Amino acid sequence: MSAPHTDVEHVEAANTAFYEAVERGDFEEVSALWLSPSDLGIDETYHDPADAGVISCVHPGWPVLTGRGEVLRSYALIMANTDYIQFFLTDVHISVTGDTAVVTCSENILSGGPAPEGGDELGPLVGQVVAATNVFRRTPSGWKLWSHHASPVLAENGEDEAEDTPT
């Protein structure tokens, strides 16, 4: 792929970098991809981080997390407790207005837990679909995540239809 030339391409590259960093378990890269007060030229020592547009994150089934400390701690925990994770993004839509970009997508997630006791292989792989919205903000060093919100998508299994059908 050639170097990105438009804002949409730059945002798409930042979004992809985020998911790839989580897949690799690269905490330093994940941290660098999130907006920080220094990205906005603000010294946290003298300013309330909320003034800098505090970051936020909602993982499926989790409460809202706000601030770099809480958000980055959540990724550290997820990466430390997930032996394998891969994201297949579909239905990706990107909108850029000024210095703000919104990415919506479906995260088709494949993850594996720890090996069964005494085994060397991953535990069973589990798949799920999550609807996600990522909000980015333009900074002098590129597009940074400002907010991530992910909600589970309920799978259709056909059982409800069978229960409603008279026999």
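**Group meeting talk: core, strands and pocket**

The largest nonpolar core in this structure has 29 residues, and those with the most contacts inside it are Phe 18, Val 30, Trp 34, Val 71, Tyr 75 and Phe 136. The elements that give two or more residues to this core are the helices α1 (7–24), α2 (27–33) and α3 (68–80), together with the strands β3 (84–97), β4 (100–112), β5 (125–139) and β6 (142–152). The largest share, six residues, comes from α1. I should say at this point that what you are looking at is a predicted model. As general background, nonpolar side chains in soluble globular proteins tend to be buried together.

Let me turn to the strands, beginning with β3 and β4, which pair in the antiparallel sense over twelve bridges. If you would like one pair to find on the screen, take Val 96, whose bridge partner in β4 is Ala 101. These two strands form a hairpin with two residues between them, and in the turn Gly 98 has a positive phi of about 60 degrees. Most residues other than glycine have a negative phi. With that in mind, please look at Asp 91, which is found in strand β3 and has a positive phi of about 55 degrees although it is not a glycine. Is Asp 91 buried or exposed? Asp 91 counts as exposed, because its relative accessibility is 54% and the cut-off for exposed is over 50%.

Moving along the chain, β5 and β6 pair in the antiparallel sense over ten bridges, and a hairpin joins β5 to β6 through two residues. Here Phe 136, which we met among the core residues with the most contacts, stands opposite Leu 145 in β6. Strand β6 also pairs with β1, in the parallel sense and over three bridges, and in this pairing Cys 57 stands opposite His 148 in β6.

Next, I would like to look at two individual residues, starting with Asn 15, which is found in helix α1. Asn 15 counts as buried because its relative accessibility is 3%, and buried means under 20%. Which residues does Asn 15 touch, once its neighbours within four places in sequence are left aside? Asn 15 is in contact with Leu 89, Val 103, Asn 134 and Phe 136.

The second residue is His 59, which lies in the loop between β1 (56–58) and β2 (65–66). His 59 is buried as well, with a relative accessible area of 6%. Leaving aside its neighbours within four places in sequence, His 59 is in contact with Leu 65, Ser 74, Tyr 75, Ile 78 and Ala 150. Please notice Ala 150 in particular, since His 59 and Ala 150 are 91 residues apart in sequence and 5.3 Å apart in space, taken from C-alpha to C-alpha.

Finally, we come to the largest pocket, which has a volume of about 360 Å³. This pocket is lined by 18 residues, of which Pro 60, Ile 78, Ile 85, Ile 109 and Gln 128 lie nearest its centre. The elements that give two or more residues to the lining are α1, α3, β3, β4, β5 and β6. How do the residues of the lining divide into nonpolar, polar and charged? Twelve of them are nonpolar, five are polar and one is charged. One name here should sound familiar, because Ile 78, which is in contact with His 59, is also one of the residues nearest the centre of the pocket.

Technical notes: Residues numbered from 1 in each chain as written. Predicted model: local features only at pLDDT ≥ 70, side-chain atom pairs only at ≥ 80, totals over all residues. Heavy atoms only, no water. Core = buried A, V, L, I, M, F, W, Y, C linked by side-chain atoms within 4.5 Å. Buried < 20%, exposed > 50% of the residue type's maximum accessible area, 1.4 Å probe, protein only. Helix = DSSP H or I, 4+ residues; strand = E, 2+ residues; numbered from the N terminus. Pairing = 2+ DSSP bridges. Contact = heavy atoms within 4.5 Å. 1 Å grid on protein atoms, 1.4 Å probe; cavity = no way out; pocket = protein on both sides within 12 Å on 5 of 7 lines; lining within 4 Å. Points joined across faces, edges and corners; volume = space filled by probe spheres on them. Nonpolar A, V, L, I, M, F, W, Y, C, P; charged D, E, K, R; others polar.
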